[in-house]
Each structure stands twice: as structure tokens, then as C-alpha cells.
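Biologist: Please take a close look at one part of this complex, the side of the first chain that touches its partner, and set it in the context of how the two chains are built.

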Amino acid sequence: MTGLLESLIRGLGNGSVYALLALGFVIIYKATRVISFAQPALMLAGAVAVSYLAEVTGFYAAVLLAALLIAGVALAIERIAIRPMVGRPVFVVSIITLGIDVVVRVVVNGFIGRDVRQVGDPWGFAQVSLGPLVVQQRWLAMLLVTAVLVTLLFAFFRYTRYGLAMRAAAFDQETALAQGVSVGMVFALSWGLAGFLAAIAGMFVGTGQGIEQLTWVIALKALPAIIVGGLDSLGGAVVGGLAIGVVESLFQSYQGEFAPWLGQNFAVVTPYVVMLVVLLVRPYGLFGTREVERV
Amino acid sequence: MTAPPGVSGGRSRRVRGRPLLYTSYAQDMALLDTRGKRIWTGVLVAAAFAVSVLLADRSLEVLAVAYVLAIGAIGLNIVTGYAGQVSLGHAFFVAIGAYTAAALSGPPGGETLGYGLAEIWIWLPAAGLVAAVAGVLVAPLATRLRGLYLAIVTLGLVFLGEHVFKEWKELTGGPGVGREAAIPQLFGYRLDQDGPLGTKEQVLYLLMLSLLVVFAVAARNLARSRVGRAFAAIRDRDIAAEVIGVPLTRYKVLAFGISSFYAGCAGGLLYCVSGYVEPGSFNLLLSVQFIAMVLIGGVATVSGAIAGALFISLLQPVTRALPALVPVISGDTTQTPNVFQVETVLYGLLIVLFLVFEPRGLFGLWIRARNYWKSWPFSY
């Protein structure tokens, strides 16, 4: 029983990282109808920025600075490569982000080098006991920080002018434009927010085991999360991310014992299996808007 | 069927000196509709065959691989370009083809599965068919999903496939170990060894070129048939297509099946040249490379897909030559910047630049050049 609960907490920890990344995907999708495949590169860039800045400014200041830096990078990408493409098919823009991802990742890999880089986090693999449970501190840190960030984000969308502008633009761009909302600003803001969240997620991915050139693949697990939750649902992104994390963690703990025929490391691909199963039942995710098409 | 008066049925005579005047439907739909196209296509194909005795073996090897990739790119173009269903899962179908071919032609009783059927006319269609079956099995998902949802699902397919191929050690040899690739043998004659027909590279080059011509002509014919028109209708507006009587599900399944057939054949042939398959090579990067070929070459054109495949394949030898020219770039992977980084950055940048500045790709550049000279010197 304690094993199960410990596995759940690990899953929720990892899942909250997926949720942060998934929120970035969904924010960009809602504003621009584009899935940004550049998120993995931004995540990796965030982790690398933390690992370099932490040596100078200390860890916590480094996280904030790195997140702002990556938000700036995301803004630059949006302004240079995405804004000129407004009005073009969304598929084309998504493929452009795929190209950007490849380019940014090569640059970032140059900073990582061939070895594992530590991000300089205070948690490492240190453990803490919660009653009978022994869990790693970093899972709790992930869960806590994500909870705070998600609350702030939802409050931002609910109560601020800019949040209202973003909701309006996501609902109907032309009407929002007619009401005086700067849709260009909304695009920029959505990329900036996504970059900020990706950087924080990257830092968490790097806690403990550090980052290497292949770490970017982890960001792609947020894609099943947004499909499960529904592409245009912020709440769905959080739920999807946590669900993916928990399922992955449970398979990691129990698949070797109960289903060894699935092969080693099956847990790594469980997010994609979950995604396929959910899609067979609900093609637009658990909370996504069903597209209604009329001729 | 008799044609109504005034409209000539069948293939009627062309009017001399009026290359754009079509007097029948058959003329309008002809594969090579002008004399210029007929002559230059003939010259191009003849030149491609002649190159096999002119170029060094090393270059022929690169070109042979490029031709196989072109077959795969044409396949992706059928589903993504003609039918408009975005697939990031092409590498998965390529892998299925590669392993079907390798298992059928491999020596029986070895460390990995093998059935000893090395005849190319057995394993090549088999590789295509098995991949096509996989494509048809995936297609029900595609018929329920549209656009970017489909892209993400097919991306998931690549990861699932990678896992299966890494774990299924009897078939693939496992990661880092790999197995021998399909053996091309035609009526008892090994095509991957030096022989009376020429060196190994020359023979493989001719084999791949001939197959590319066959697959390319088949794809062109498909595109101008009833099926091709149905694909285009689905791409342009799927609901409108259904309203005018195109069965969506059937044609989407068909598009995936045909595209996967091409991918499977390309997979079977791809590793003949190097003679070795490693399960780690069928990753997302391979899918992205195929997407890049289609986008850089030209969406929904067969000639564009071939041009794109040649372009991407030749990028590698060109960047490998860079350290000699630009001393800043190193040939050593431990240093930055090295040729591999430059190559990867070029993939990404070229995709972005082509999409921003010339969405029709290399084919579009060719159309621009042609139109400029068509009306020269009155280019406005």
C-alpha cells in the first residue's frame, strides 16, 4: 500500500511537470490554433539557462531569470517566424515550429556538451518521510510549485485585463479585434507564457538526474497530455498531465512484476498508449470542444 | 462511347505551334502534355541512367539512397500532399517495411528471424503489403481525427514503434546491435555484389533508379485518376467532398494504405545499400526528414518529392565537405560547431525558410523560373 502511494506521489510530481508543458501547448493553441512543436527546445533551453545561471546567482534567482529569459526567446521566435505567417494554414505554421525546434535544440545542445549537466537544484534525490511514506523531496516541490503556478495562471485569465483579452481572442479573434483587443499582443503574450512555463518545467525535469541532449523527448509526453485533456482546455491540460504522469509511474512500478512481456522501459511509451485509448473513445479528449461542422 | 458533336473524344491531334491548346480531355490529362516535357523528361531519365558509368562508386551510393528516400517521400506526399492528412508517423511504416524485408530475405537459423527468401520480387511487395496493412489498421483513427490531432497521434505511433522494435530482439537484434538488412537477389543473381553487370554500387544504383521510375509513374497516374481527384477533394474540404459523393472513410483508409505501401517498399530497399538495420534509426527525426523532403520539394507533386529527397540527401555530403572550406566548422563531433550540428540546423532552417518564402518548394521555384522565361522579355 505504501508502495502504491509512493508511486502515486512520484506520478503526480512528474505529471505536474507534464501539466506545465501541456499548459504551454494549450495556451498557444487557444490563441493561435497552432500546436507549437518548439516547446521541447524551449524546455531544454530553460533547463540549460538555469544550470548556467545557478552558478552565478544561486538557484532560486536563476530559475526566475531563466524563465524570463526563455519567455523572451519565445517572444522573439513568435515575432520573427510566427507573426509573418498569420492567416496561413495552421499545419504550415506548426511545421515551422518543428523547424525552429530543431534549430534551437542544436544551439542548446552546444551548451550542454556531451555529458550530463546538473541544474544545481537543492533537492537532488533527497527524501523526506510523510508518516509511513518515504518520497523524494523533488516530487513534492514539483507538485507545490505547479499548484501555485496553475492557480496564478487561472487567476490571471479570470481577473486581469490581459487575461480577459486572451480569452476574448481565443473565443473569436475578429470580434475581439473589433472590441479593441490587440490580437498581436495576445499572440505574443501566449508565446511568452508558454516559454516561461516550459523553462520552469525544464528546470524540474533536470532536478536530480540532470539534463543531457536527449532530455527534450520528455517534453513530447505533454502532447498525449493535451490530447487526453482536449486541445483547447486549460483544465484538461492539467488533468491530462497529472493522469499521464500517474499512469506512467504506476507502469514503472508494477509492469515489470505483472506484465513483463511488454518489455523493459514500457513505462516510457505508456503516455502514447493512453492517448490512443482515449482517442478511440473520445476523439476530442476528455474536456475538449467537439468541433461542429456545418456545410 | 460517342462524343457529342464539336467535342472530340479520345486522343485527338494537337494543333501545331499551340502547346496550350487542348482539343480533348485525354490531352488535358496526359502525363507529359507538351512536347517539351516529353523530350526533357526523356533526356533527364536517360542522363540519370548514363550517370551510373560516369560517377564514382561513392557518389552512386549516395544517389541510390536518395532514390529510395524519394520513393518514401512520394508515399508521404500521397497521404499528406494529395489527401491532406498530416502524418508524422512515416518512419514507423518505413520500419515495418525494412524489418519485413530483412526477415524474409535473412538467412534461416541465424540469431535473428530469417526465412531465406532473398528474391527481391518476393520481399519487396511483401514489405509494401505488410506496411500497407499496418497503415489500413491505423487509418480508422485517421478517419475520426483531423489536422493537428492526427499529426500528434501519428507522432505517438513513431514512439510506440520504436519501443516495439527495440524490444523485439528476435526480429531486430536489439538497440545498438541491429541485424543484416534485406538481400537484393534477382533470379539467383546477387545485386549487392560486384558482378558482370558492374560494381555493387552501379548495380544497386540502376536497381533503385528503375524502381523509382516505376513508383513515380504509378503515383502520377494515381494522382490523375478518380482516386487522386477524390484525395484532392478531401484535402481541399472534406465535408464538401462527402456532400458531392466521395466516401471519406474509404478514401482516407486508401490514402494511408497506399502511402504506407510506398513507405514499406522504401524501408525494404533503404538498408540494402549499407546492408545493416538498427532499430534506433526509425525515430522522429526520420519522419521529420520525410516531411522536410515533401515541403522543400513541393507539396502534392511527384517531381517535387523526388527533388526534395535528392536535395536533403545531398545536403549530407555537402556539409561533410564544409570543414575543408570553412575552418571554423569542425569535422569532430566533440567540438562546436561541427558538421552534424550544421546539417541539423540546415534541415530546420530550410523548412522554415521554404515555408515562409516559397510554400510550393523547389517545384515552385521551377514554376517561377519557367514562367519568367515563357514570357521573356515581357516578364510582367
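Modeller: Read from the N terminus, the elements of chain A follow the order α-α-α-α-β-β-α-α-α-α-α-α-α, which amounts to 11 helices and two strands. The model is a predicted one, and every value below is computed from it. The C-alpha trace of chain A spans about 60 × 50 × 35 Å along its principal axes, and its radius of gyration of 19 Å agrees with the value near 19 Å that a compact globule of 295 residues would have. Of those 295 residues, 51% are buried, and among the contacts in chain A between residues at least 6 apart in sequence, 75% join residues at least 24 apart.

Turning to the part you asked about, the contact between the chains draws 33 residues from chain A and 35 residues from chain B. On the side of chain A that touches chain B, the elements giving two or more residues are α4 (90-112), α9 (222-229) and α11 (270-281) of chain A. Of these, α4(A) gives the most, with 13 residues. By class, this side of chain A comprises 26 nonpolar, five polar and two charged residues.

The nonpolar residues of the model can also be followed through its largest nonpolar core, which has 221 residues and in which Leu21(A), Ala22(A), Ile70(A) and Ala70(B) have the most contacts. The largest share of this core, 16 residues, comes from helix α3 (residues 57-82) of chain B. In chain A, Ile70(A) shows what such a position looks like: leaving out residues up to four places away in sequence, Ile70(A) touches Leu42(A), Ala45(A), Gly46(A) and Ala49(A), and also Gly195(A), Phe196(A), Ala198(A) and Ala199(A).

The partner, chain B, has 16 helices and four strands. Its radius of gyration is 22 Å, close to the 21 Å that the globule rule gives for 380 residues, so chain B is as compact as a globular protein of that length. The C-alpha trace of chain B spans about 70 × 50 × 45 Å along its principal axes, while 44% of its 380 residues count as buried. Among contacts in chain B between residues at least 6 apart in sequence, 70% join residues at least 24 apart.

Within chain B, one helix pair can be described in detail. The axes of helix α9 (residues 226-236) of chain B and helix α11 (residues 248-270) of chain B come within 10 Å and cross at roughly 105°, which makes α9(B) roughly perpendicular to α11(B). From α9(B), the residues Val227(B), Ala230(B), Phe231(B) and Ile234(B) meet Leu248(B), Tyr251(B), Lys252(B), Leu254(B) and Ala255(B) of α11(B). This contact has eight nonpolar, no polar and one charged residues.

A last position to inspect in chain B is Phe354(B), in helix α15 (residues 339-357) of chain B. Phe354(B) is buried because 24 other C-beta atoms lie within 10 Å, where 20 or more are needed for a residue to count as buried. Apart from its neighbours within four places in sequence, Phe354(B) is in contact with Leu295(B), Ile296(B) and Gly361(B). The C-alpha atoms of Phe354(B) and Tyr67(B), which are 287 residues apart along the chain, are separated by 22 Å.

Methods: Residues are numbered from 1 along each chain as its sequence is written. Chains are lettered from A and ligands numbered from 1 in the order in which they are written. This is a predicted model: local features need pLDDT of at least 70, side-chain atom pairs count only at pLDDT 80 or more; totals for chains, interfaces and linings use all residues. Axes are lines fitted to C-alpha atoms, for helices over the stretch in contact, and angles run from 0 to 180 degrees between N-to-C directions. Angles under 35 degrees count as roughly parallel, over 145 as roughly antiparallel, 65 to 115 as roughly perpendicular and the rest as oblique. Two residues are in contact if their C-beta atoms, placed from the backbone, lie within 7 Å. Ala, Val, Leu, Ile, Met, Phe, Trp, Tyr, Cys and Pro count as nonpolar, Asp, Glu, Lys and Arg as charged, and the others, Gly among them, as polar. The radius of gyration is taken over C-alpha atoms; the globule rule is 2.2 Å times the number of residues to the power 0.38. A residue is buried if 20 or more other C-beta atoms lie within 10 Å of its own, exposed if 12 or fewer, and partly exposed in between; C-beta atoms are placed from the backbone. A nonpolar core is a set of buried Ala, Val, Leu, Ile, Met, Phe, Trp, Tyr and Cys residues joined through C-beta atoms within 7 Å.
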